[in-house]
Amino acid sequence: MTDKADVWIVTPQKIAFETPLALQNGQTLPRFDLMVETYGTLNAGKSNAVLVCHALSGNHHVAGHHSPDDKHPGWWDNMVGPGKPIDTDRFFVVGLNNLGGCHGSTGPLSTNPETGEEYGADFPVVTVKDWVQSQALLADRLGIRQWAAVVGGSLGGMQALQWAIDFPDRVRHALVIASATRLSAQNIAFNDVARQAIITDPDFHNGHYRRHQTIPRRGLRIARMMGHITYLAEQGLGRKFGRNMHADGYQYSYDVEFEVESYLRYQGDKFAERFDANTYLRMTKALDYFAPAAEFGNDLVATLKTVQAKFFVASFSTDWRFAPARARALVKHLVKAGKSVQYIEVESHHGHDAFLMTDEPYIRAVRAYMNNVAEECRRD
């Protein structure tokens, strides 16, 4: 990692694991790779490590740029970096692309060592619990016995919570942002509509579309357009687009007429070219299956009893995909379980995507919390 002309250059690395990984569904990956980026320096006591977990379409590229000409920084560049709330001058930050991803970690685009062919549709469905198990192996490889903090928004927040449950002595702080302890029926429904858009695309070919030199572009595009709407708030869309026309007057056609249509079609087209459909299917299933209390008779207090981490929980007023009530429910159960928790409910017009934005109260709260974590590390 170097600085060149004020552009923060980071370099990803692929880490190979040659031992089998047993998955929650009963299948086993014979081996796997994780694509990883690290930022900052691990201190002598290895006590300042922070794991950042990505959401549905995220990856290992959390912050910085891959080259001086790279126009797009990492997906959480406003949160992670020198002098930022998760300060890489004080923390050693680890970001990775989860198993099943399409950005370098083992997933549907990878070669199946047992057949010598691309996995494609044969790649197993993975869960949040599987991801946490693979992340624990990564921590072992990096020599990190305990994370100072595990941080994530949305699906990333679910991973932070799962970490605190599955490895209570390996997490000091869990930051669960714009997340929930399980999906609502409405959220599962949205995910299934997205999956059906992909699966019923004539170019899907039962998930082996690449063998036919094609991709289910139309289905993935529609899935992303619909998903994108759910990540935004009505007032945010209204402020940005209103009923602004893309052209003068009604065209009485099905081409783009409103600016919001142009925006959504652009987002869908861009996503369909950069993301793998089989990965999208698996990420949505990981969301659907996440329900850590199910192993404890759906008793969330019992689920949280062995947790040792302190919690920071954040929600956003206009997030209707993971509404503040879902975050407050987690806080209530943490308190009932006798755990330490700080909670902030942020006024924002950004909807669910607010966890990626720069609403000042949110940024200030994360900075203050992580400052305290950094002080703990300094005293270690």
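Here are some exercises on helix packing and on single residues, each with a worked solution.

The model is predicted, so local features need pLDDT of at least 70 and side-chain atom pairs count only at pLDDT 80 or more, while totals for chains, interfaces and linings use all residues. Residues are numbered from 1 along each chain as its sequence is written, and side-chain values use heavy atoms, with hydrogens and water left out.

**Exercise 1. Describe how helix H3 packs against helix H7.**

Step 1. Find the elements. Helices (H or I, at least four residues) and strands (E, at least two) are DSSP runs, numbered from the N terminus. H3 covers residues 185-199 and H7 covers residues 277-289.

Step 2. Take the geometry. Two packed helices are described by the angle between their axes and the distance between the axes. Axes are lines fitted to C-alpha atoms, for helices over the stretch in contact, and angles run from 0 to 180 degrees between N-to-C directions. For H3 and H7 the angle is about 160° and the axes are 10 Å apart.

Step 3. Classify the angle. Under 35 degrees counts as roughly parallel, over 145 as roughly antiparallel, 65 to 115 as roughly perpendicular and the rest as oblique. H3 and H7 are therefore roughly antiparallel.

Step 4. Give the handedness. A crossing is left-handed if the near helix is turned anticlockwise from the far one by less than a right angle, and right-handed if clockwise. H3 passes H7 in a left-handed crossing.

Step 5. List the contact, meaning heavy atoms within 4.5 Å. H3 brings Ile188, Asn191, Ala194, Arg195, Ile198 and Ile199, and H7 brings Ala277, Tyr280, Leu281, Thr284, Lys285, Leu287 and Asp288.

Step 6. Sort by class. Ala, Val, Leu, Ile, Met, Phe, Trp, Tyr, Cys and Pro count as nonpolar, Asp, Glu, Lys and Arg as charged, and the others, Gly among them, as polar. The contact of H3 with H7 then has 8 nonpolar, 2 polar and 3 charged residues.

**Exercise 2. Do the same for helix H1 and helix H2.**

Step 1. H1 (residues 128-142) and H2 (residues 155-166) pack at about 65°, with 9 Å between their axes.

Step 2. That angle is why H1 and H2 are called roughly perpendicular. Their crossing is right-handed.

Step 3. Residues making the contact include Trp131, Val132 and Gln135 of H1, and Leu155, Met158 and Trp163 of H2. By class there are 7 nonpolar, 4 polar and 2 charged residues in the contact of H1 with H2.

**Exercise 3. Which term fits the angle of H4 to H6?**

Step 1. H4 and helix H6 (residues 259-274) meet at about 125°, and their axes are 8 Å apart.

Step 2. H4 is therefore oblique to H6, and H4 passes H6 in a right-handed crossing.

Step 3. Among the contact residues are Arg217, Arg221 and Arg224 of H4, and Asp269, Glu273 and Arg274 of H6. The contact of H4 with H6 divides into 7 nonpolar, 3 polar and 7 charged residues.

**Exercise 4. Is histidine 352 buried or exposed, and what does its side chain meet?**

Step 1. Histidine 352 sits in the loop between strand E14 (341-346) and helix H10 (360-379).

Step 2. Buried means under 20% relative accessible area, exposed over 50%, and partly exposed in between (1.4 Å probe, protein chains only). Histidine 352 is at 2% relative accessibility, so histidine 352 counts as buried.

Step 3. A polar contact is a pair of N or O atoms within 3.5 Å; within protein, one must be able to donate a hydrogen and the other to accept it, and residues adjacent in sequence count only if both atoms are side-chain atoms. One of 2.8 Å links the side chains of histidine 352 and serine 154.

Step 4. Beyond neighbours within four places in sequence, histidine 352 contacts Ser154, Ala178, Thr230, Tyr231, Asp319, Arg321 and Phe322.

**Exercise 5. Examine phi and exposure for histidine 205 and asparagine 298.**

Step 1. Most residues other than glycine have a negative phi.

Step 2. Histidine 205 has a positive phi near 50°. Histidine 205 lies in the loop between H3 and helix H4 (217-231) and, at 31% relative accessibility, counts as partly exposed.

Step 3. Asparagine 298 also has a positive phi, of about 60°. Asparagine 298 is in the loop between H7 and helix H8 (300-304) and is exposed, with a relative accessible area of 54%.
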